[in-house]
Amino acid sequence: MVIRTRLSDMDHNCEQPLSGQLIAISEKFKVGKKAVFLHGNADPDALGSAYAIYRCFPEVTVVAVGGIDRVAKVMAMKLDLQVEGQVNLDDFDYLVAVDSSSMDQIGIDVTGRDIVAIDHHSPSGDWDRGLCCIDEARRSCAEIVFDLLRLSGATIDRNIGLALAVGMLTDSGHFRFANAAMLRSFAELMEISGLEMDEVMDLTDLDTDVSERISQLKGAQRMRFERIGDNIVAISLGSAHESSVCKALLSIGADVSFVGSQRDERFRISSRARQEMVRKGLHLGILLDEVGGETSNSGGGHAGAAGLTGVGDVEAVLNMCMKRTMDFFRDIQGRRPSSGRDP
Ligand SMILES: [Mn+2]
């Protein structure tokens, strides 16, 4: 196979074989001053990809015109990476966009400039005239950058491994939406960089700030639960972050959770259910709408996440929610084949 590395006269490079594109990008990155752009409110996949490029190639500046998100900020601090908010484009020989499908996403107009793009979203056409590697089959940009580093023979140390691994983990919803190719890349990355799984997890678990964590702990402290068969419903009181407390209660074992807060006459309730409960027929939006109807308040939402606000005693309303959920548990118990009845 002939790999074309002279790119200035190539249109629609994206249609070239992807490994050829990566070899060409690897060659190009070895020289010249470059600015690597992240999308607005950049996530760990964008930041991790840019960090790996910054560490493995010379003269790289990382730029996020539209800022970076909470986890990415923690990553940048841990990795000691300086991220610029603005740069003068004329200071660079060429530009790079990672994890971004358009100029709109990186927040600058690069029309007529030499730009290299590495991405895994569906292409917008903005990068068509430059050198690019766009692979929609990948779950994360970090996987493509990992391939790029291997092709270029770069040494992948622990920090580079961490940056790319966090990108893969978060973009796949902690592997919920991973595919076999990503898991293979992730395993190889761990092996090559000497990374441990808990290091990656620790970095992404920082997603909640201290006030939210205190709300979750207080919610757990004040929690009451009931069990019917194998199913558990939990209720609790709080004053902030109700939906986050609901999620925390699910993560410590509840199947369905309701968390309420009282402010003078008014109350607010959030609820969450495990997906398994939804599959069995629970609809929290309908449940809270019915409770709302009974108490002259208004509730509603999705099957697995819903809310209710209004006037009244929050504890009384929480008890109603609990009772209705227990009725639902009894109902699905009755439907079990083991009970001798038809499902
Ligand atoms: Mn991504």
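**Two domains, their cores and selected elements**

In this predicted model, the centres of domain 1 and domain 2, taken over C-alpha atoms, are separated by 41 Å. According to the domain assignment of the protein chain, domain 1 comprises residues 13-206, whereas domain 2 comprises residues 214-339.

The largest nonpolar core contains 65 residues, and of these V36, I53 and V145 touch the most other members. When residues up to four places away in sequence are left out of the count, V145 is found to touch S49, A52, I53, I118 and L164. Another core, which lies apart from the largest one, consists of 30 residues, including I235, L287, L288 and L318. Such groupings can be set beside a general tendency: in soluble globular proteins, nonpolar side chains tend to be buried together.

Helix α7 was examined next. This helix is formed by the 14 residues 180-193, and at 1.5 Å a residue it should span 20 Å, which agrees with the 20 Å found between its end C-alpha atoms. Its buried residues are M182, S185, F186, L189 and S193; because these residues cover an arc of only 100° around the axis, they are placed on the same side of α7. The other side of the helix carries A180, R184, A187 and E191, which are exposed. As for the surroundings of the buried residues of α7, they pack against two helices, α5 (141-152) and α6 (158-171). Just after α7 comes G194, whose phi is positive, with a value of about 75°.

Strands β9, β10 and β12 were then considered through their pairing with one another. Strand β9 (residues 256-263) runs antiparallel to β10, to which it is joined by eight bridges, and within this pair V256 is found opposite A273 of β10. Together, β9 and β10 make up a hairpin in which two residues lie between the strands, and D264, located in the turn, has a positive phi of about 55°. Strand β10 also pairs with strand β12 (residues 305-311), again in the antiparallel sense, over seven bridges; in this pairing, R268 has T309 of β12 as its bridge partner. With regard to burial, β10, which spans residues 266-273, is mostly covered, since six of its eight residues are buried. Thus β10 has bridges to β9 and to β12.

Terms used: Residues numbered from 1 in each chain as written. Predicted model: local features only at pLDDT ≥ 70, side-chain atom pairs only at ≥ 80, totals over all residues. Helix = DSSP H or I, 4+ residues; strand = E, 2+ residues; numbered from the N terminus. Expected span 1.5 Å × (residues − 1). Buried ≥ 20, exposed ≤ 12 C-beta atoms within 10 Å, placed from the backbone. Arc of directions from axis to C-beta. Contact = placed C-beta atoms within 7 Å. Core = buried A, V, L, I, M, F, W, Y, C linked by C-beta atoms within 7 Å. Pairing = 2+ DSSP bridges. Domains from an automatic or database assignment.
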